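User: I'd like a close look at one part of this model, namely how its pieces pack against each other. Take your time and walk me through it.

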2 protein chains.
Amino acid sequence: MSAAKPSNGGILRTVQVLLAERSYPIQLGTDILTEVGPEVARCAPSGRAVVVTVPPVGRRYAPTVLRSLRGAGLRVHRLEVPDGDASKNLRQLKGLYDALLDCGADRGTAVVALGGGVVGDLAGYAAASFLRGLPFVQIPTTVLAMVDASIGGKVAVNLPQGKNLVGAFHQPEFVWIDIATLRSLPPRQRSAGFAEMVKVAAIWDLELFERLERDAEGLLELDPALLLPALERACAIKAEVVSRDERESDLRMLLNFGHTLGHAVEKLSRYRGVLHGEAVSMGMVAAARRSEALELSPRGTADRLAALLVRLKLPIELPDFPRKAYLEALRVDKKKRASHIRYVVLKGIGRAETLPLEPGEIAPRAARRSRRPRRA
Amino acid sequence: MSAAKPSNGGILRTVQVLLAERSYPIQLGTDILTEVGPEVARCAPSGRAVVVTVPPVGRRYAPTVLRSLRGAGLRVHRLEVPDGDASKNLRQLKGLYDALLDCGADRGTAVVALGGGVVGDLAGYAAASFLRGLPFVQIPTTVLAMVDASIGGKVAVNLPQGKNLVGAFHQPEFVWIDIATLRSLPPRQRSAGFAEMVKVAAIWDLELFERLERDAEGLLELDPALLLPALERACAIKAEVVSRDERESDLRMLLNFGHTLGHAVEKLSRYRGVLHGEAVSMGMVAAARRSEALELSPRGTADRLAALLVRLKLPIELPDFPRKAYLEALRVDKKKRASHIRYVVLKGIGRAETLPLEPGEIAPRAARRSRRPRRA
């Protein structure tokens, strides 16, 4: 890894998420885990904090976080949940409730999620529902969670029948992003995280897209001088979308770009072998190609998007499941109302809209897909 | 029963609950179940409604409600959950999620709770959390649920460790109160419901209290000419408190009057043999006596309250559990922060405030309690 280590830690950037009900800051920096304690203390009137994490992340970073919390005068508890999307279930949730009761957690106890999207979603939903809501802090340690999962207040668990079927909107008190935590992330997960960054650029911000095109390799190497401003801009875009449309309606729907087919791919793969960001990458390219076929976006848009994703070491071709399987997976998409799906299409790089399409207009046709000429 | 049957059904009264986020109406009337369909249809964009009820209520009233919903063009599903507070648990909740999935419920499907507080809480929490929130309608069929449970958006399930430990704030689209449904309520449950009506009068409204004193026997007999205006006023008070203080803080805390010891009694009785309203009745009298002992309210306040509750056929003396048991039960009260409990005390009939007290200052002393002279 060639990224220069910054000479000193500190909060370098702040993005404010403005909501009708309550606003909160996203703090971004390098080596700032040591400084999170006083911030958590401020939102834990009972002087108690429960840190929820997963084993690999907890082993590396929980000691630093716990030390910082204790240094701020908090009584702290550390809970671990198994890693992986499969642990975002009702049984683990029940286990968290029991553990919160054992800790003596009350409404003034802060729940701190330290880890990726899974721990953020699971701990966040426990925080949302236990005693009708505890203060919640996010310390995301994956690119994906930094850009996506920690902004917008969406927390959830899965049911056997599907992902994120039970959940809430529960805004964190603040989000604490330390990009130094990314150094331990395996390369494939790093790449997957950048898919969400490409997504927000593709639907909203040509300038960020151009920045990603310029810096792709440096970003993959986590160069702080490149990564911090890119992350800040990506967070600011997502924050802007969420601020303008707190409840999931028209505007926020755009954040589903690439997710309709992405979810189908994850589902058909039984959530094994494909990472969320990889599935979204494939889904975005498919949606961009559909946008071009419908003459909604200029020719070349899909190939430009695909080229960037390839440089970020992301897969762009949908797996070869039977068309019937795709149709079936799309029909149970929970965002669907009646028979149409509000599909997110590109109007060009940096601009998107939704279009009501039938599952049959979205599901890939295997033959056509593999014969399609590539220009990039 | 001597109450005159009203000559015609219809919506006689409306109370508006004004919230920052979204306001909703409480409609009160006699024999108005037949008219609920079009109202539900308005808040079910997918044209689908799921009615959740308990067997005895469902047998009597679900056919009327389902007919009205079908008449309004809705596809309807009827789900039943077992009656009793014990069914407000995670297992039943999971069952509701499964049933909602089986029905094909999406975000435009309305969940209609038909029954008392248990079904309102359980179905309400399912509606709050399934797909992060479905439109929710309350049709309360007990006095208790009409006055209390259906206003304020608090929905929850129990954990084995305690009541209402998992929940949300999820405001209904509207509340539909048909007092004709009370005719089938056993006398003891009727009385228990009036305890919550006395509560809101005691903390907030001398005029309503005087009305209850004037009409106690007629109310117990469900005379619509007496019951409708009393219910309307009680709902309006609770709506006012909730409107002014949507999240549970200072003002809303007053609604806990009688509930601190009431919950302890329920817990020590293992939720058997004592109805919630009965426990609240005992708790209110104990709190009123404490208020007098602390010289916060005029002498005679507690006896005046006790006299009304007795006329409404409610118990007023706390059961004779050991003081140590009361202390233990009070210490796990989830509303507690640190060692103090914010105890609701009366400043007189119609006025209340909270006072931070130690459990030891709240728990009854058996000897003193039984020797206390009564003046009413």
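Which domains does the domain assignment give for chain A? Start from there, please, and carry on to whatever that chain touches.

Analyst: Bear in mind that this is a predicted model. The assignment splits chain A into domain 1, covering 10-184, and domain 2, covering 187-371. Measure from C-alpha centre to C-alpha centre and these two domains of chain A are 26 Å apart. They do touch: domain 1 of chain A puts 25 residues in contact with 27 residues of domain 2 of chain A.

On the domain 1 side of that contact in chain A, strand E1 (10-17), strand E2 (24-30), helix H5 (143-149) and E8 each bring at least two residues. H5(A) gives the most, with five residues. Sort that domain 1 side by class and you get 17 nonpolar, four polar and four charged residues.

Now for the contact between the chains. Here 25 residues of chain A meet 25 residues of chain B. On the chain A side, helix H3 (90-103), strand E7 (154-159) and strand E8 (162-169) each supply at least two residues. E8(A) has the largest share, five residues. So E8 of chain A turns up twice, being among the elements that supply the chain A side facing chain B and also among those that supply the domain 1 side facing domain 2 of chain A. By class, the chain A side that touches chain B holds twelve nonpolar, five polar and eight charged residues.

How do the two copies relate? Chain A lands on chain B after a rotation of 180° with 0.0 Å of shift along the axis, at an RMSD of 0.0 Å. That is how a two-fold axis relates its copies. Both copies use the same surface, with 100% of the contact residues of chain A recurring in chain B.

One helix pair in chain B rounds this off. The axes of H10 (residues 259-268) and H11 (residues 276-293) of chain B come within 7 Å and cross at roughly 135°. H10(B) and H11(B) are therefore oblique to each other, and their crossing is right-handed. From H10(B), the residues involved are B:His259, B:Thr260, B:Leu261, B:Gly262, B:Val265 and B:Glu266. They meet B:His276, B:Ala279, B:Val280, B:Met282, B:Gly283, B:Ala286 and B:Ala287 of H11(B). Class by class, this helix contact has seven nonpolar, five polar and one charged residues.

Technical notes:
Residues numbered from 1 in each chain as written. Chains lettered and ligands numbered in written order. Predicted model: local features only at pLDDT ≥ 70, side-chain atom pairs only at ≥ 80, totals over all residues. Least-squares fit on C-alpha atoms with pLDDT ≥ 70 in both. Contact = placed C-beta atoms within 7 Å. Helix = DSSP H or I, 4+ residues; strand = E, 2+ residues; numbered from the N terminus. Nonpolar A, V, L, I, M, F, W, Y, C, P; charged D, E, K, R; others polar. Domains from an automatic or database assignment. Axes fitted to C-alpha atoms, helices over the stretch in contact; angles between N-to-C directions. Parallel < 35°, antiparallel > 145°, perpendicular 65-115°, else oblique. Left-handed = near helix turned anticlockwise from the far one by under 90°.
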